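Hi,

Here is the structure I said I would pass on. Have a look at it first, and my notes follow underneath.

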Amino acid sequence: MSSPIILMRGVYGVWLREIMRATRDRGQMIGGVSRPLIWLLILGVGLNPYFRGEVYGEVRYVIPYTYLQFLFPAVIVLNIMYTSIQFAVSVIWDREFGFLREVLVSPMPRALILLGKVLGGSTVAMIHGGLVLILARFADVTLSLEQMAMALGLMFVLAFGLTCFGVVLAARVRSFEGFGVFSNTIILPLYFTSSSVFPLDPALTRTQTATAYPEWLVFLVQINPITYAVDALRGVVIGFNQFPPSYGPAVICTMALVFFIMALIDFGRS
Amino acid sequence: MSAKRPHRWLQAGVNIAFIAALLTAISFLPPDTSLSDRQEAGVLKVCVPPSYPPLITGNPAEPGYDAELVAAIAGDLGLRLTVNTLPAIGQDFNPRNWFLTRAQCDLVAGGVADTVQTRGFLQTIPTAAETGWVGISATGTMPPTGSIVGVLPGTSGLDRLALSGWLRQQGLRAQLLRSPAQLQSSLESGAIAAAITERFVAGTIDLKENAFGLFWLPESIFPHYRMALGLWKGDQTLKRAVANALDNLAKTNVLNALEARYGLDGAIASTAE
Amino acid sequence: MTPRRGSDNGTSSAKHPNAKVPAMIPAAVTVEDVRATYGTKAALDGVSLTIPRGSSFALLGPNGAGKTTLVNILCTLRRPDGGRAVVAGADVLRQPTKARRSIGVVFQDSSLDDRLSAWENLEFHGLVYGLAPKIRRERSATVLALVELEDWRDEIVRSFSGGMRRRLEIARALLHEPEILFLDEPTVGLDAQTRQRIWQYLDQLRRERELTVLTTTHYIEEVESADMVCIIDHGKIIAQAPPEDLKARYGTRWLHILPRDAAATKAILARYPAAQKLGSHSLALPAGDDAVTDAFLAEFRDSLSEIRFQEPTLESVFLSLTGRELRDRADGQRDAEKAAGKRGGRR
């Protein structure tokens with residue numbers, strides 16, 4: 001019985017518990033999946049005709065994809081954002097209802113407890129994001145196995161960073177109710193300014209961007225890290241990048257690293 | 001209290017399977033009405049240029065690859081084909097300038113290149129036809145520095161700026177040609193050491209047997225464009241039906257026969273950079 | 001791993017281990033002058049105690065006396081603000097991981113995951129403590145049998161009653177075979193029958209496994225069977241001794257009598273002014289030694305319908321030590337039940 005095996009068992013245990021809790025609750029899972037349905041079915045299909053672009057003389061939509069295709073990767077990101085950040089509720093739950101102590105009195109190092117928990121949360125978020133891929137047919141997106149594997153990889157790292165972000169938030173919020181409000185006020189603005197529902201194409205249409213959108217909005221989109229996460233996933237899923245393709249993965253990995261360290265500091269304090 | 005011991009992943013598996021099944025079912029919902037509208041009308045309207053050989057020839061006996069293709073597709077879909085001839089198609093690189101309207105066309109054929117610019121306006125289904133800049137010379141390669149090279153730009157919208165830049169960089173002098181006939185006579189008279197034109201145009205020029213060789217210009221600089229059928233963005237169900245019809249045609253070897261008939265199956269040599 | 005003694009002395013009673021176990025075996029828990037403060041309020045004010053191996057140690061005190069704070073320090077959840085605590089030979093500040101490995105903890109509030117089954121809770125615990133799969137399965141089955149929950153192994157904990165949860169928690173705390181078991185108010189909010197059952201398990205365990213058990217409680221009747229009772233109030237230890245010693249030192253034996261008629265009652269009250277009325281007819285009089293009893297019986301033998309001894313209790317010990325009842329005992333119980341109900345409702 002070498003020590004790394006013992007520690008890995010611990011991480012596995014914490015991870016397993018998160019997966020069990022999340023996948024056993026059908027209501028929670030359906031809730032997680034109803035969002036992409038609303039976005040793709042209602043918003044995507046509803047707005048699709050307005051982005052057809054056949055009205056000549058006026059440039060309506062310059063992205064070489066249909067609106068559904070364009071929206072599809074962003075819906076995956078939205079699903080991951082919700083699931084990851086709401087994961088913090090599980091952290092608050094453990095803290096409030098005493099389960100945290102059961103783990104804290106165990107010989108497992110706190111960093112590994114956090115790692116197991118965050119890995120569990122990211123896996124669940126990745127599953128929720130991955131389930132959206134089933135709708136690829138609907139959005140007329142064809143995916144090879146390679147693309148799928150890459151997309152899932154990106155989704156996992158993104159989910160990891162966002163889960164850590166959720167843990168950081170949880171350390172600052174005391175109640176469940178407060179967290180619900182808090183997370184919504186964070187998730188939705190981040191999502192809407194991430195170039196998720198409208199394109200912002202600096203390479204192709206610098207002038208068009210300037211005429212189409214006010215400076216402040218362009219600024220918000222450009223400083224929003226989620227913009228680059230959406231862009232990275234678009235690059236993989238529909239082969240479209242608004243920014244240099246290396247930006248997305250770089251931003252996602254940086255987020256994962258920075259937020260994990262922050263979560264570690266917060267968790268060590270609890 | 002229970003003797004049964006459900007496997008620990010059972011519940012989780014059931015939930016995930018349930019949701020996956022739900023989503024799969026939903027993914028079969030038609031996202032729009034483009035196909036059902038056509039079926040109701042019983043007509044598939046196709047817009048083509050008057051001539052874009054070998055895709056559209058204007059010759060009723062041998063109407064062209066795309067013309068026969070769309071006819072076969074309409075047949076597979078069980079729709080009557082209506083062809084609208086629009087002179088603007090293929091005259092310009094940008095399909096936005098072709099004055100297409102939804103009322104005239106469900107499908108655009110003959111001269112639609114599968115480029116990012118096209119896809120900004122139409123959605124595309126690539127066909128077997130492929131185009132790009134090709135060179136024609138006696139040696140089958142680019143002539144040495146200082147030679148005069150004739151260029152017949154054609155109408156397919158290939159990147160002319162990149163071509164002239166590249167020619168300058170290679171130290172070649174470009175001479176603009178006006179017609180395939182001029183290209184042929186200049187080549188044969190030796191007024192130009194080589195000619196560069198678009199692939200389909202090159203295919204129509206009746207050069208002396210074995211006297212000249214065709215070759216692609218370096219692909220890293222001049223990408224080959226796959227030709228395509230164009231559909232309106234958002235016509236998802238129609239696009240799926242057309243793609244499905246194409247699959248059927250490929251299975252029954254109709255496609256192969258068409259490709260052979262219009263000379264789209266032959267290989268052209270590539271040049272090293 | 002529980003250190004087991006050889007079979008030659010394995011049968012020796014765990015009671016009064018100080019008398020039987022040589023001093024060279026280190027104590028299970030040593031606390032020296034530990035202090036803890038919340039803001040300006042001192043929760044622990046220089047507490048020192050020693051718990052010998054294999055003994056049962058009860059920490060008795062009213063709510064807010066500092067019991068839970070002490071337990072939290074001993075199981076490394078809270079750092080002491082002063083002093084030193086050594087658990088199973090490991091300093092809680094310098095070697096917390098080593099200390100954690102040798103303790104099992106049952107918290108005052110349930111720390112089970114109520115969305116998992118009983119078995120999965122044990123599985124989780126085994127994984128976190130790094131037990132190999134085979135050992136995990138074997139021990140899970142053993143501890144589950146110990147607390148008689150085999151039939152519930154695959155039920156989700158949410159459907160468990162308070163007593164079942166507590167039993168499962170005890171089973172879980174034993175899974176990694178700790179040397180020392182900490183139980184923080186293990187019987188709060190449970191009915192009398194369940195409480196008795198839990199104490200049965202704990203006594204059995206201690207006999208079978210040479211386990212050191214530290215219990216905190218404010219149910220005074222629960223510490224009678226402990227080897228050592230430590231009474232704590234306002235963060236200070238006010239008495240520490242085996243329960244019999246405490247009772248002998250601070251408690252008095254009483255004689256409960258039921259006189260035959262009112263005349264007899266009057267006569268007894270006149271003869272023994274220290275006697276106290278209990279209810280409408282009974283009387284209680286202090287009977288510190290047999291001479292008093294003999295004298296009383298000689299005089300009133302014929303006017304009694306019932307007579308029995310009431311041994312001194314820790315209740316009376318606490319009374320004589322602090323000059324008051326175990327403060328807010330009823331309130332404490334109500335609070336605990338309220339908290340449990342609140343949790344139940346929110347789950």
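Let me start with the contact between chain B and chain A, where two salt bridges cross the interface. Keep in mind throughout that this is a predicted model. One of the bridges you can click on joins the side chains of A:Asp140 and B:Arg240, at 3.9 Å from N to O. Polar contacts across the B–A interface come to six residue pairs, with both partners at pLDDT 80 or more. On the chain B side, helix H1 (10–27), helix H4 (116–119) and helix H8 (236–251) each give two or more residues to the surface touching chain A. H1(B) has the largest share of that side, with twelve residues. Sorted by class, the side of chain B that touches chain A has 16 nonpolar, nine polar and eight charged residues.

As for extent, 33 residues of chain B meet 34 residues of chain A. Together they bury about 3300 Å², and carbon and sulfur atoms give 63% of that. B:Ile19, B:Leu23 and B:Lys233 stand out here: they supply 18% of the area chain B buries against chain A, more than any other three residues. Chain B itself is split into domain 1 (34–131 + 224–271) and domain 2 (133–216), with 28 Å between the C-alpha centres of the two.

Now for the other side of the story, chain C against chain A. This contact involves 32 residues from chain C and 28 from chain A, and the pair buries about 2800 Å², 60% of it on carbon and sulfur atoms. Four salt bridges turn up across the C–A interface. A:Glu102 and C:Arg172 form a salt bridge through their side chains, 3.3 Å from N to O. There are also ten residue pairs in polar contact between chain C and chain A, both residues at pLDDT 80 or more. Helices H4 (96–101), H5 (118–128), H6 (133–146) and H13 (329–346) of chain C each put at least two residues into the side that touches chain A. The largest share, six residues, is from H5(C). That side of chain C is made up of 14 nonpolar, seven polar and eleven charged residues.

Counting over all chains, the model has 33 salt bridges. A few inside single chains are worth a look:

- A:Arg17 and A:Asp94 pair at 2.9 Å, N to O. They tie helix H1 (residues 3–24) of chain A to helix H4 (residues 88–96) of chain A, 77 residues apart. A:Arg17 is buried at 4% relative accessible area, and A:Asp94 is buried too, at 2%.
- A:Arg172 and A:Asp266 pair at 2.6 Å, N to O. A:Arg172 is in the loop between helix H7 (145–170) and helix H8 (176–192) of chain A, and A:Asp266 is 94 residues away in helix H12 (residues 247–269). Here A:Arg172 is exposed at 52%, while A:Asp266 is buried at 7%.
- C:Asp45 and C:Lys236 pair at 3.3 Å, N to O. This one links strand S2 (residues 41–51) and strand S10 (residues 236–241) of chain C, 191 residues apart. C:Asp45 is partly exposed at 26%, as is C:Lys236 at 42%.

One last thing to pull up on screen: A:Arg17, A:Glu18, A:Arg21, A:Asp94, A:Lys117 and C:Asp113 are linked in a network of salt bridges.

Cheers

Note on methods. Residues are numbered from 1 along each chain as its sequence is written. Chains are lettered from A and ligands numbered from 1 in the order in which they are written. This is a predicted model: local features need pLDDT of at least 70, side-chain atom pairs count only at pLDDT 80 or more; totals for chains, interfaces and linings use all residues. Side-chain values use heavy atoms; hydrogens and water are left out. Contact means heavy atoms within 4.5 Å. Buried area is the accessible area (1.4 Å probe) that two parts lose on being put together, summed over both. A polar contact is a pair of N or O atoms within 3.5 Å; within protein, one must be able to donate a hydrogen and the other to accept it, and residues adjacent in sequence count only if both atoms are side-chain atoms. Helices (H or I, at least four residues) and strands (E, at least two) are DSSP runs, numbered from the N terminus. Ala, Val, Leu, Ile, Met, Phe, Trp, Tyr, Cys and Pro count as nonpolar, Asp, Glu, Lys and Arg as charged, and the others, Gly among them, as polar. Domain bounds come from an automatic or database domain assignment. Buried means under 20% relative accessible area, exposed over 50%, partly exposed in between (1.4 Å probe, protein chains only).
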